[in-house]
Each structure stands twice: as C-alpha cells, then as structure tokens.
Amino acid sequence: MAQQKILLGVTGGIAAYKTPELVRRLRDRGAAVQVVMTRSAARFVTETVLQAVSGHPVRTNLWDEQAEAAMGHIELARWADHVLIAPATAEFMARLAAGSAPDLLTTLCLATRAPLSIAPAMNHVMWDHAAVQANRECLQSRGVRILGPAEGDQACGETGLGRMVEPDAIAAALLADATLAGATVGSQPLQGRTVMVTAGPTREAIDPVRFVSNRSSGKMGYALAQAAAEAGARVVLVSGPVQRPVPQGLERIMIESAEELFAATHAHIDDVDIFIAAAAVSDYRPRRVESQKIKKTRAEMTLDFVKSPDILASVAKLASGPFTVGFAAETHKVREHALTKLAAKQLDMIIANEVGAGIGFEQDENAAHVYWRDGDQAFPLAHKSTLARALIELIAQRYNVGFGEDTAVELTALASRD
Ligand code: C5P
C-alpha cells in the first residue's frame with residue numbers, strides 16, 4: 001500500500017505533551033507525518049521535539065515566508081491523505097465548527113479535501129458543556145471523525161471523560177492495520193474498497209415549478225456513506241435534493257430525478273465494490289413534463305404516470321457487478337416483503353425497516369433487520385450514525401466472505417506475519 005501522508009495539527013491542551021509519541025506511533029505504522037502547531041500548543045510541547053521525531057520542519061505560522069516558499073499552505077493541504085488534530089481543544093472545535101480560519105491550522109482544515117479526524121482532550125465538565133457537544137455534533141454531521149475522548153484521570157486532578165485517546169490507539173484507528181485497529185478505537189475493514197451509496201429522495205417534475213417527491217431526509221444514506229468512509233472505503237455518494245452538508249472526504253454527486261440517479265450511478269459504477277441503495281426513489285414519474293406552468297382552469301385534473309427505472313435492480317443485474325445492498329422500507333409485513341425483494345432484485349443483502357407515522361423517515365433514530373441468503377441479524381433502535389456503523393461492519397463482513405477473496409488472502413498474510 002502507498003505510504004499514508006498525515007498532517008498532524010497540535011492545539012493547545014496539556015495532552016499536547018503526548019504528541020511526539022503520537023508521531024512515533026504513526027511513523028511506526030509506515031506513515032509520513034508533517035506537524036502544524038497552534039501558538040498555544042507551543043506552550044506544552046516544543047517545535048524542536050516534533051521536528052526531530054517527524055523528520056520535517058514544523059509549521060506554526062501562516063505568514064512564515066520562508067516556509068511558504070518551501071511548501072505553501074495550499075500545497076500542504078493537498079499533500080495530506082488525512083488530517084488529524086490531536087489534541088483538539090474546545091476552542092479549536094468551536095473554530096472548526098464555525099468555519100473560521102484565523103491561523104494556519106484552521107486555514108488548512110478548510111483548504112483540504114482529505115478526511116479529518118480529531119482527538120478531543122479537555123476537562124470533563126468542558127466536554128459535557130452544551131456548546132462543546134453542539135460543536136461535536138455539527139462536526140460529526142459534516143463527516144469529521146471524532147476519536148474519543150477517553151475516560152480516566154485528568155491533568156486537573158479530576159476524573160472523567162475528557163482524556164485524549166492514547167497515541168497508539170489513535171495511530172491504530174487511522175492506519176490500516178486491521179488486527180491492531182480492531183482492538184482499539186475502530187477498524188478499517190473497507191480499506192482499499194470503493195463504496196457507492198444512493199441517498200435522499202428524488203424529484204419528478206410535473207411542470208417547471210412542481211414536482212412529485214417523498215419524505216426522505218437522506219439521514220440514513222449520509223450516515224452509511226460516512227460510516228463506510230470511516231471504515232476506510234473511498235465513497236461516492238449519489239444524493240437527491242437534501243439540505244445536508246457533504247461529509248468530509250467523500251465524493252458527492254447531486255441528482256434530482258430517478259432518471260438522473262440511474263445515469264449518475266451507471267456512469268460511476270465500474271470501480272464500485274459495494275453498492276448501497278438507500279435513496280427513496282420515486283417509483284413513478286409524470287409521463288410528460290409540461291414546459292409551462294399548468295394553469296388551474298379545470299375543476300379536476302389527472303396526471304398520467306410511468307414507471308421509473310429501478311436503479312438497484314439494474315446494478316444487481318450487471319455481470320461481475322458489485323455486492324448489492326438494498327433497503328425495504330415497509331409499513332407492514334416487513335420480513336415478508338424484504339425477503340421477496342431480496343430474491344426478486346437478486347440482492348446480496350437487504351436492510352428492512354418499518355416506516356410510518358413517527359418511525360423511519362425524517363427521524364434521527366432507526367431500527368433495522370438485515371436479511372441475506374442464509375442468515376439475518378436484528379439491529380435495535382439507535383441513532384442513525386450508530387446504526388450505520390454497525391450496518392457497515394456487517395456489510396464488510398458479508399462482502400469479505402463472498403466477494404473479497406483478495407482481502408482474505410491479505411488477512412491470512414497478516415495473521416502469519418509473525
Ligand atoms: O422496490 P422498492 O422501491 O421497495 O425497493 C427499495 C430499494 O430499491 C431501495 O434500496 C431503493 O433505494 C431501491 N430502488 C431503486 N430504484 C427504484 C426504486 C427503488 O434503486 N426505482
């Protein structure tokens with residue numbers, strides 16, 4: 001695998017004294033590391049130490065002409081495969097959430113397309129503060145991966161949730177040594193895979209100002225896309241019209257209608273290993289789209305509808321196509337309908353959930369029951385991001401059993417390494 005390039009941002013908390021160790025652990029796992037410090041970080045750890053352990057000059061200032069001449073900040077933002085902020089203070093999280101960029105590190109966070117992870121570290125009362133939690137939620141909804149904090153003794157003499165996750169665990173979470181990472185913060189079972197997720201509703205035009213659509217918020221699809229990225233996959237998110245920020249590190253293609261969704265999916269399907277259809281596609285569309293706004297001159301009006309293309313079924317039919325995962329959102333007889341759909345569309349897996357008044361669409365929480373040819377698993381009600389991570393873990397497992405022969409070989413090689 002190519003060497004991972006990690007831009008480590010160090011902000012001003014006491015846990016910054018652990019960052020030389022963190023650089024060592026990242027480099028032990030084969031990564032190249034460049035460090036950027038904020039001014040207050042320099043009160044806890046020196047530039048000299050971080051330069052020595054990273055093997056690169058440490059950047060602290062946006063206005064350092066010499067450093068800019070060697071590698072400009074935009075170049076540095078492009079260089080990174082991953083941006084890691086450790087420790088991340090409450091102050092830094094607030095600036096990141098607000099999108100403000102008064103210094104080099106915050107500017108880099110805005111200027112990069114690389115996935116961003118932060119390891120918060122602060123007093124446990126600060127961590128619990130509503131403002132900090134609101135910032136955490138905002139960052140998480142944008143796809144920032146939050147590592148920790150961990151529980152335990154704090155430098156202030158108190159005990160609680162606020163310690164920075166240990167350097168080795170952070171390094172394991174970021175870098176793909178599945179055997180080590182799984183035992184700590186999170187594993188990357190989809191490293192090297194491409195996952196496509198369809199999400200949100202479609203809109204089917206009636207005339208230039210009206211359309212037919214549905215209540216899908218896109219929350220589940222976006223959460224799955226984010227969880228797949230966290231699991232190490234390259235993710236292509238094909239999204240219907242929803243007001244959601246694009247999760248960091250993802251490629252997003254916006255579409256409106258079922259036909260556009262069909263075209264975008266098939267235009268990018270070639271490299272896809274796993275296809276997850278979470279979009280609520282309008283099953284029918286008006287036969288004709290009026291070129292001018294329809295006038296309300298008649299007492300009654302009838303629209304003639306034709307069937308939209310079934311994107312999921314069309315992907316499942318592809319010769320040597322990807323591992324396919326569909327959704328069955330049902331109001332009744334969920335299991336029966338899900339199993340029928342699994343067979344009819346020739347899917348590898350189906351995620352069934354009940355929808356109706358107050359459940360499923362537009363909610364933050366969801367429960368699901370997943371079926372595949374020779375098994376099933378129930379997932380209790382949980383926040384959609386938690387459910388999505390559990391679903392991605394199961395999808396990765398099933399994919400690796402049936403599809404990922406080369407992954408099995410890699411894992412065997414890892415197991416027999418020592
Ligand atoms: O047949 P039904 O609409 O219930 O199937 C739901 C599943 O099929 C979902 O995964 C949905 O994203 C996908 N689907 C699709 N294209 C359609 C209709 C549904 O991809 N036209």
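## Elements and model

Helices, of type H or I with at least four residues, and strands, of type E with at least two, are DSSP runs numbered from the N terminus. The loop between β5 and β6, where Pro149 is placed, is named on that basis. The model described here is predicted.

## Ligand site

The ligand occupies a space that is the largest pocket. The elements that contribute two or more residues to the shell around the ligand are α13 (311-316) and β16 (323-330). The surrounding residues are Ala277, Ala279, Val281, Asp283, Pro309, Asp310, Ile311, Leu312, Gly326, Phe327, Lys341 and Lys345. By character, this shell comprises seven nonpolar residues, one polar residue and four charged residues.

Which parts of Asp310 and Ile311 face nitrogen atoms of the ligand in polar contacts? For Asp310, a polar side-chain atom lies 3.5 Å from a nitrogen atom of the ligand. For Ile311, a polar backbone atom is 3.0 Å from a ligand nitrogen. Lys341 brings an N or O atom of its side chain to 2.4 Å from an oxygen atom of the ligand. On its own the ligand has 450 Å² of accessible area, and the protein covers 84% of this.

## Parallel sheet

Strands of a sheet pair through backbone hydrogen bonds, in either a parallel or an antiparallel arrangement. In this model, five strands form an open sheet with parallel pairing, in the order β2-β1-β3-β4-β5. Its edge strands, β2 (32-37) and β5 (145-146), each pair on one side only.

Within this order, β3 (residues 82-88) and β4 (residues 116-120) are parallel partners joined over four bridges. Ala88 has Pro120 of β4 as its bridge partner. Strand β3 also contains Pro87, and the peptide bond leading from Ala86 to Pro87 is cis, with omega near -10°.

## Antiparallel hairpin

Strands β6 (residues 150-153) and β7 (residues 159-163) pair in the antiparallel sense, again over four bridges. In this pairing, Ala150 stands opposite Arg163 of β7. The two strands make a hairpin with five residues between them, and Gly157 in the turn has a positive phi of about 95°.

## Backbone exceptions

Most peptide bonds are trans, and most residues other than glycine have a negative phi. Where do the cis bonds to Pro87 and Pro149 place these prolines, in a strand or in a loop? Pro87 belongs to strand β3, whereas Pro149 is in the loop between β5 and β6. The bond joining Gly148 and Pro149 is cis, with omega about 5°.

Ser320 departs from the usual sign of phi: although Ser320 is not a glycine, its phi is positive, at about 45°. This residue is located in the loop between α13 and β16. Those two elements, α13 (311-316) and β16 (323-330), are the ones that give two or more residues to the ligand shell.

How values were computed:
Residues are numbered from 1 along each chain as its sequence is written. This is a predicted model: local features need pLDDT of at least 70, side-chain atom pairs count only at pLDDT 80 or more; totals for chains, interfaces and linings use all residues. Side-chain values use heavy atoms; hydrogens and water are left out. A residue is near a molecule or strand if one of its heavy atoms lies within 4 Å of it. A polar contact is a pair of N or O atoms within 3.5 Å; within protein, one must be able to donate a hydrogen and the other to accept it, and residues adjacent in sequence count only if both atoms are side-chain atoms. Accessible areas come from the Shrake-Rupley method with a 1.4 Å probe; for residues, only the protein chains shown count as cover. On a 1 Å grid over the protein atoms alone, a cavity is a set of points where a 1.4 Å probe fits but cannot get out, and a pocket is an open set with protein on both sides within 12 Å along at least five of seven lines; lining residues have an atom within 4 Å of a point. A molecule sits in a cavity or pocket if more than half of its atoms lie within 2 Å of its grid points. Ala, Val, Leu, Ile, Met, Phe, Trp, Tyr, Cys and Pro count as nonpolar, Asp, Glu, Lys and Arg as charged, and the others, Gly among them, as polar. Two strands pair if DSSP finds at least two bridges between them.
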